[in-house]
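Visitor: Please show me the structure, and let me ask how its descriptions are justified.

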Amino acid sequence: MLPSFIIAGTLPAGTGHLYSLLVQHPEVYLPRPMQPECNFFFKSDDYERGIEHYGERWFAEVSGEKAIGERSSLLLSGGERVAARVAKHLPQVKLIFLLRDPVLRAYANYRFTALAGHEDLDFETALAREEERMESARQRSRFWGEIQPHAYFSRGRYAEQLAAFQARFPAEQLLIMRSDELHKSYEETMTRLWRFLGVDESFRPGPVPDFSSPAVRDVKAQAALRAEAPQAFDAAIQRVREGSPPADDFETRVRENLQQGYEPLADSIRADLAARYREPNRRLATRVSFPMNDWLGVDSQ
């Protein structure tokens with residue numbers, strides 16, 4: 001069994017929230033749980049295990065649902081490499097892309113990476129050194145060269161990424177949305193999603209979990225904690241996300257470096273990123289149907 005749809009990007013842009021809505025539909029199958037996400041077509045080490053492994057690993061429990069899917073939020077950022085793989089094995093698959101304001105996405109990506117203990121620079125410095133660090137990741141290994149944890153600006157260049165998929169799939173197989181559409185026009189958006197998937201359009205999901213993550217107080221301390229005990233660190237972060245109490249002294253130390261709420265993005269960095277994204281966003285505007293005036297810095301009045 002193989003999927004009929006994939007939540008294919010981007011990250012972080014609300015794909016976890018979308019998954020929690022879709023998985024409630026009685027005619028939709030999504031693997032439970034999906035942590036970590038699948039990303040089979042993105043990670044070459046997994047992809048080389050073969051399409052049969054993919055089907056057995058993620059879809060063995062399908063039991064007659066009309067729409068069968070999974071969540072792989074990194075697929076969009078894989079561009080040509082990933083689009084070619086998906087098209088080869090799943091030419092009829094439907095792909096859902098959630099796109100977030102690239103400026104906000106870049107900062108959220110930074111916070112996500114910092115929480116995971118893979119960041120020891122402030123955001124401004126990390127942006128300045130992005131190309132250098134991306135090349136270092138490529139030299140480190142194929143895995144890190146693909147994952148690229150510090151590609152904060154680069155992953156927001158949506159037009160180039162979408163082009164690879166739009167060249168291989170007809171428009172009716174692609175649903176490209178702003179990530180805030182679910183909040184701004186919930187009823188209309190849910191109907192649109194169900195129609196795209198070919199399931200009962202009248203169904204409305206119940207409440208979903210709060211996917212907000214804590215912020216890191218000191219990124220260098222967070223990176224040091226990961227380096228001290230990587231497996232225990234990952235377990236601690238997962239327990240924080242689950243709302244579980246600390247299991248030991250090490251986990252207590254991890255939690256002491258976390259806080260609710262994060263520092264707002266500095267106006268100077270916001271303005272610089274907006275300027276850098278202006279041309280990529282103009283190219284994106286020719287590939288999507290949703291309004292982008294706010295991303296382009298254009299007055300909508």
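**Contacts and cores**

Visitor: What makes residues count as touching Leu 99?

Guide: Contact means heavy atoms within 4.5 Å, and, leaving out residues up to four places away in sequence, Leu 99 touches Thr 10, Leu 76, Tyr 158, Leu 162, Ile 176, Met 177, Arg 178, Ser 179, Leu 284, Val 288, Phe 290 and Trp 295. This is a predicted model, in which local features need pLDDT of at least 70 and side-chain atom pairs count only at pLDDT 80 or more, while totals for chains, interfaces and linings use all residues. Residues are numbered from 1 along each chain as its sequence is written, and side-chain values use heavy atoms, with hydrogens and water left out.

Visitor: What makes a set of residues a nonpolar core?

Guide: Its members are buried Ala, Val, Leu, Ile, Met, Phe, Trp, Tyr and Cys residues joined through side-chain atoms within 4.5 Å, where buried means under 20% relative accessible area with a 1.4 Å probe, protein chains only. The largest such core has 42 residues, and Phe 41, Tyr 54, Leu 95 and Leu 99 touch the most other members. Apart from it lies another core, of 26 residues, including Val 103 and Leu 265.

Visitor: How many of the 301 residues count as buried?

Guide: By that cut-off, 51% of them do.

Visitor: Why is the protein called as compact as a globular protein of its length?

Guide: The radius of gyration, taken over C-alpha atoms, is set against the globule rule, 2.2 Å times the number of residues to the power 0.38. The protein has 19 Å, close to the 19 Å that the rule gives for 301 residues, so the description as compact follows. Its C-alpha atoms fill a box of roughly 50 × 50 × 40 Å along the principal axes.

Note on methods. Buried means under 20% relative accessible area, exposed over 50%, partly exposed in between (1.4 Å probe, protein chains only).
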